[in-house]
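Colleague: Could you walk me through the packing inside this protein? I'd like to hear how each label is earned.

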Amino acid sequence: TYVWKEAARQIREWKDRLNYSVPVSVNVSRVDMYDTALPETLEGIIRDQGLSGRDMLLEVTESAYTQDSEQIISMVKRLRNMGFEIEMDDFGSGYSSLNILREIPFDVLKIDKEFLTKNADTDSGRFIIKKIIEMAEGLHARVICEGVETKEQVDMLLEMGCIYAQGFYYSKPISLDEFLEKYNTRKVPA
């Protein structure tokens, strides 16, 4: 809860300082998903900061759906109906089930970095990555590929139709001050 509150506080600060929203993804564990008060907790946090579910995105790892999936799916549907965007994180790192993709409402499918690094070098691996991207798009979800480190990976993903990626190719982790210096194109007095 502390991390969620701090993320919401930071989003609010950036929104006020930069005059635009910088959405932040926060992790929600499988244990969190069993907490019946989770929707009210998250709603209270964003309400206190004057935010919406589009400002603080909820990342749920693919592996969270593998045990007691009915409970998790029910909670995901409830959170999504409240306006939160759901990101299925680390897709391809576990035992991916196509039935899970069919049953779970999600807005973003994040392809795990290990899946990219282990599969981008073979024809069959690239074929699978491309089909995952097409499948997610067919389910009306955005796709983000994690762990992108080279221009060749960027080009391959763009050719496959994946326009969102994250990784060291774009930026290594940076401090808050570095972020504001790099991305604050509209200087607002502190």
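Modeller: Sure, and let's start with contact, which means heavy atoms within 4.5 Å. By that rule Met33 touches Val28, Leu38, Val60, Gln71, Ile72, Met75, Val76 and Leu79, leaving out residues up to four places away in sequence. Keep in mind that this is a predicted model, where local features need pLDDT of at least 70, side-chain atom pairs count only at pLDDT 80 or more, and totals for chains, interfaces and linings use all residues. Residues are numbered from 1 along each chain as its sequence is written, and side-chain values use heavy atoms, with hydrogens and water left out.

Colleague: Why is Trp14 called buried?

Modeller: Buried means under 20% relative accessible area, over 50% is exposed, and in between is partly exposed (1.4 Å probe, protein chains only). Trp14 has 11%, so it counts as buried. Phe179, at 18%, is buried too.

Colleague: What makes Trp14 and Phe179 a tilted pair?

Modeller: Rings of Phe, Tyr and Trp (its six-membered ring) pair if their centres lie within 6.5 Å; planes under 30 degrees apart are stacked, over 60 edge-to-face, and the rest tilted. Trp14 and Phe179 have 4.8 Å between centres and 40° between planes, so the pair is tilted.

Colleague: Why is the pair of Tyr169 and Tyr170 edge-to-face?

Modeller: Their centres are 5.1 Å apart and their planes sit at 90°, so that pair is edge-to-face.

Colleague: How do you know whether Tyr170 is buried, exposed or partly exposed?

Modeller: Its relative accessible area is 41%, so Tyr170 is partly exposed. Tyr169, with 35%, is partly exposed as well.
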